[in-house]
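Dear colleague,

I am handing over a structure that you have not worked with before. Please look through it first, and then read the notes that follow.

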Amino acid sequence: MTPLPQSRRLASGGLIDRSRTLSFQFDGKPMTGHPGDTLASALIANGTILAGRSFKYHRPRGILTAGSEEPNALVELRSGARREPNTKATTVELFDGLVARSQNRWPSLGFDVMSVNSLLSPIFVAGFYYKTFMWPAAFWEKLYEPLIRRAAGLGRASREPDPDSYEKAFAFCDVLVIGGGPTGLMAALSAARAGAHVILCDEDFSFGGRLLSEQFVIDGQSGADWKAAAVFELEQNPAVTLMRRTTVFGGYDQSTYGALERVGDHLPVPLPHMPRQRLWKIVAKRAVLAAGAVERQIVFGGNDRPGVMMASALRSYVNRFAAAPAQRLGLFTNNDDGWKTVADCIRAGIKVEAVIDPRPAIPEAFRQLAIQAGARLFEGGLVQDAHGTARGLQSIDVMTSTGRTESVAVDGLAVSGGWNPAVALTCHLGARPVWRDDISAFVAGDTPPGLVVAGAATGAFDLRSCLADGVRLGAEAAQAAGFTAVAPTVPAASEETLGLMPLWKVTGARTKAFVDFQNDVTAKDIVIAEREGFRSVEHLKRYTTLGMATDQGKTANVNGLAIMAALTGRSIPETGTTTFRPPYTPVAIGAFAGHHRGKHFRPTRLTPSHAWAAEQGAQFVEAGQWLRAQWFPKPGETDWLTSVNREVIAVRGAVGVCDVSTLGKIDIQGADAGTLLDRVYINGFSALPVGKVRYGAMLREDGIVMDDGTTARLAQDRYVMSTTTANAAKVMQHLEFCHQVLWPELDVQMVSVTEQWAQFSIAGPRARDTIQKLIDPMADVSNMALPYMGVTTITVCGGIPGRLFRISFSGELAYELAVPARYGDGVIRAIMSAGAEYGIVAYGTEALGVMRIEKGHPAGNELNGTATARDLGLGKLMSQKKDFIGRVMAERSGLTNPDRPSLAGFVPVNRADRLRAGAHFLGLGAHPSASNDQGYMTSVAFSPSLSHWVGLGLIKNGPNRHGERVRAYDPVRRGDIEVEICSPVFIDPEGGRLRV
Amino acid sequence: MSDPMPNPRFAFAGHLTAIGSLVAGAGITLMPKDDLALATVIARKGQAGVLGERVQALFGIPLPARPKRAAAGKIAFIGTGPGQWLAIEESSGDPQSFAAKLATEFAGSGSVCDQSDGRAVIRVSGPRARHVLAKGLPVDLHPRAFGPGDAALSQIALISTLLWQIDEAPTYEIAVFRSMAGSFADWLIASGAEYGIAAMS
């Protein structure tokens, strides 16, 4: 198909590049446009006025606005994985090859089956769901909701992963100017001339705001020429950053603003390495909000018909885009500004059929203008209903000042109900807008610190005031940021008047009159809400969904409020206002994630032996941010348990090695290091001899166990503490808190050395033989020289400095060898070759876990935030001779009750049964209920040494019930077996193997 | 012991790749600084003055009391907190001996801990360095706010970082925990790709 000519493109004018033609498709139809077009302007130039179907009633909808406030013209942009629903055609910059589809219609936009909803509209009014779909409850999920979801709703999201990338960035400036219209440009110029670093953001792809869309004259130049000169000056200034296609969507604490830059959205696909969007966090000493104003509608019958458009939008299409939305236009305006449309239409050759101005008397100049346009003038008239079809508008019913109704044939209607200042950003920190009677609009109330509002956003709608505001507030902002500003002279601009007579809703409409187009809320819905008692603004919003769509009711809220005010006989400020929350316009979730998606969701910490472990084909597991080897499958091993059993048997029978570098390591120095340890651990450390290691446990203030580990004394004034992997940061924080806040008088210096050392556990009967081969000759590591719980400094592999700890988690003869992390890779390889003759294996966290369960060592599952030291069998460690954190609170009667769940071992009575962690303990024959609960199984493992499952658990009075049988009840996995309570130490209870 | 001493494996090994064609004058250059000896130095209680005098006498460096880098010759001290510094020795042949030497010199006035392996340092330079760092570092690096000799402890891409500026090129050096060097390099490369990246060893 060849595209048809752009039938509604004006012969001349507009800020489009006619030398280049862009091809695009809408609903499969090929069309063309030009650089400078939006999708909406290109559609209008191609004579397309039907853009989509509405949310609830599937009403045909056209293009209402020319900006980000658009409620109607939402399309699915692009296809495949890049398909993006609910994209506003009015903000999409046209590019070659653009593909867009209308939404909410089946089978086609012109003929839509679901528009039957419109016939059923009596049942779709506000509150219908709440009242009707209450019963029976089971029907809600299965029947009603799917039905409603199919009938109502917006576009379809792509279900494929987003192929584009996003990023975040930080920017800092003296003055942030939000909005690049006449006010913003002037403010930026004013601040920049003072020497301030300025960031100017505008959501449009072109600066200028209304200067692009109106026939303004500034200093004798056209608005567009003046704008070009201003932008040129700003571009030449290295202290100015111009950010086009960037929406400042939120204002946050301490003068921080969120902004979304659409870096690649105007391209078919982003260039290589180009992010699609960039989320900026802008820290500004001062900010000038020059976001302009949004034109508001008048509510009348059929006001949502395709062909009805905001008057300012119509002028944008005519002046900026050289596209004619209509050929025979009606204008419905309650203010002087709307009358600009008439002059612009005359210039563009668009016939104005009628002007309907509800004001009883209008300035003579406008009467003359109507005569010049050949338009019928209805002073004091009202548009009651607009009639048309999906193909366009046909006529309007005008109620004259004398009460007659006349039909006027038109194919378009421009509407102006006045302007609402865009004050959303002033509300993001909690302030509410305030009502101004003289302009019948809400303006900013309290403004956040550092932010001033300027121009149309303050309700000063005329160009002169906007330029003057920009000059003054830009200079003041620069001054407040520490610069000496000389305010430039204000450029000369023609005078404008507003002359607004508030008109929110026309009475007597015969057809449906819409307030919120995007959420299909009608004037009648507000009547129902009032009748049902939902008169507060917050109730009105939630009952009718007014203002809850993706446009947040930018064109709807004030009309809705005014209608409620009229119904309840209150003023608008008495009725209230809803406030605004970020974001000003929707922001893709991907932009908030930025780089942090997929495996980059959070940083990954790699152990010093990671590259080696990966070469061995290790299976890795996430342990916090760490990636640890979980087990090392050998060829032919398909089942994790087979690998883990082999690793455990090898350690218990010969020797194995495991990377334990992830455990927290804290270097503690100073004359009072021992004192600090005495106070944070339940047991004593100041008397620990140099060269010795001791196990310790520390409590929280409330007496519950926080962490455990070993601490070695390296010198009289130096210890190195180890913590669990999970609690490394927490323990460091705890120690720093204790030192800085509780006992600043102590001479203690602490620093984390977790990352400095690669640490390997070498365990098993042949551990010493293996170690001996690595250690440089002079060191003696015999049982005599380095007994169990000893530590020594050595060198390995020909001069690598290291520390050798004789400690064991597995219950076997074991050492932990620490070397500087850069040598971790080399040393693990050296350990493996040294142990090869003894059959050494590498073992992972699973085998580590099996062996600690076999030895009854409590770990993360037992340190569950409710267990005391006594509960874990560590009661005897608690010193009676000193004070320590948690000592007093641990003595509370509830924490010393012998009936508390305490650590015990468990074996299945039928040895073939599998144990399950999480199973609850019940007396034999007891009814499964919370009151009969005796505790639960915390950790289980298959013990290859015993050839059956073993478990650890916390059970009432556990230590005194060895030999007793209970049920391990696991309803989630349908488990209910008999288990025997026993000692938690399953292997070598005397600890003989540790000391050989 | 017949095997030779194993080679060290540095934190950024295998994590850095060059990207894109470097347009003349554009892009960033990444260089791991594997030759630095690093040590944390913390003043003993009430001994900060004595420690400062020792540092001045030994290296001719006034200990910075703020997040600043003070350097003379191959030695630099960066303020990382009240009474805490990161001491750096450039082109160190024997990193462990640097910490050991400082420990001896500062006995009684400062506690020293070797961190040569605990932190991975990478040098980021080139005219686009500021643009790339702005994608993760919430610190204003504009010359009027941050210059050679300035340092900042902050976060980039959820990774704790200590950054300092070497010269006006600009050249920055960034220290991260060793285990996160890979994730940090991933972020650097993703953020710098659009400008082109040269990776040097």
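To begin with a hairpin region, strand 9 of chain B (residues 159–167) and strand 10 of chain B (residues 171–177) pair in the antiparallel sense over six bridges, where helices (H or I, at least four residues) and strands (E, at least two) are DSSP runs numbered from the N terminus, and two strands pair if DSSP finds at least two bridges between them. These two strands form a hairpin with three residues between them, and B:T161 stands opposite B:V176 in strand 10 of chain B. On the other side of the sequence, strand 8 of chain B (residues 151–156) is joined to strand 9 of chain B by six bridges, and the two run antiparallel. Strands 8 and 9 of chain B also form a hairpin, here with two residues between them, and B:A157 in the turn has a positive phi of about 50°; B:L153 stands opposite B:L162 in strand 9 of chain B.

Before going further, please note that this is a predicted model, in which local features need pLDDT of at least 70 and side-chain atom pairs count only at pLDDT 80 or more, while totals for chains, interfaces and linings use all residues. Residues are numbered from 1 along each chain as its sequence is written, and chains are lettered from A and ligands numbered from 1 in the order in which they are written.

The contact between the chains takes 44 residues from chain B and 41 residues from chain A, with two residues being in contact if their C-beta atoms, placed from the backbone, lie within 7 Å. Strand 2 (37–43), strand 6 (110–114) and helix 4 (181–192) of chain B are the elements that give two or more residues to the side of chain B that touches chain A, and helix 4 of chain B gives the most, with six residues.

In chain A, the domain assignment, whose bounds come from an automatic or database domain assignment, includes domain 2 (166–293 + 421–480) and domain 4 (627–661 + 757–832). The centres of domain 2 and domain 4 of chain A, taken over C-alpha atoms, are separated by 63 Å.

Helix 11 of chain A (residues 463–480) has 14 of its 18 residues buried, so it is largely enclosed by the rest of the structure; a residue is buried if 20 or more other C-beta atoms lie within 10 Å of its own, exposed if 12 or fewer, and partly exposed in between, with C-beta atoms placed from the backbone. Just after helix 11 of chain A, A:G482 takes a positive phi of about 105°.

Leaving out residues up to four places away in sequence, A:V288 touches several residues, among them A:V175, A:L473 and A:A477.

Strand 45 of chain A (residues 901–908) is also largely enclosed by the rest of the structure, because six of its eight residues are buried. Strand 45 of chain A pairs in the antiparallel sense with strand 48 of chain A (residues 948–956) over six bridges, and A:F906 stands opposite A:G951 in strand 48 of chain A. Four bridges join strand 45 of chain A to strand 50 of chain A (residues 975–982), again antiparallel, and the bridge partner of A:V907 in strand 50 of chain A is A:E980.

With best regards
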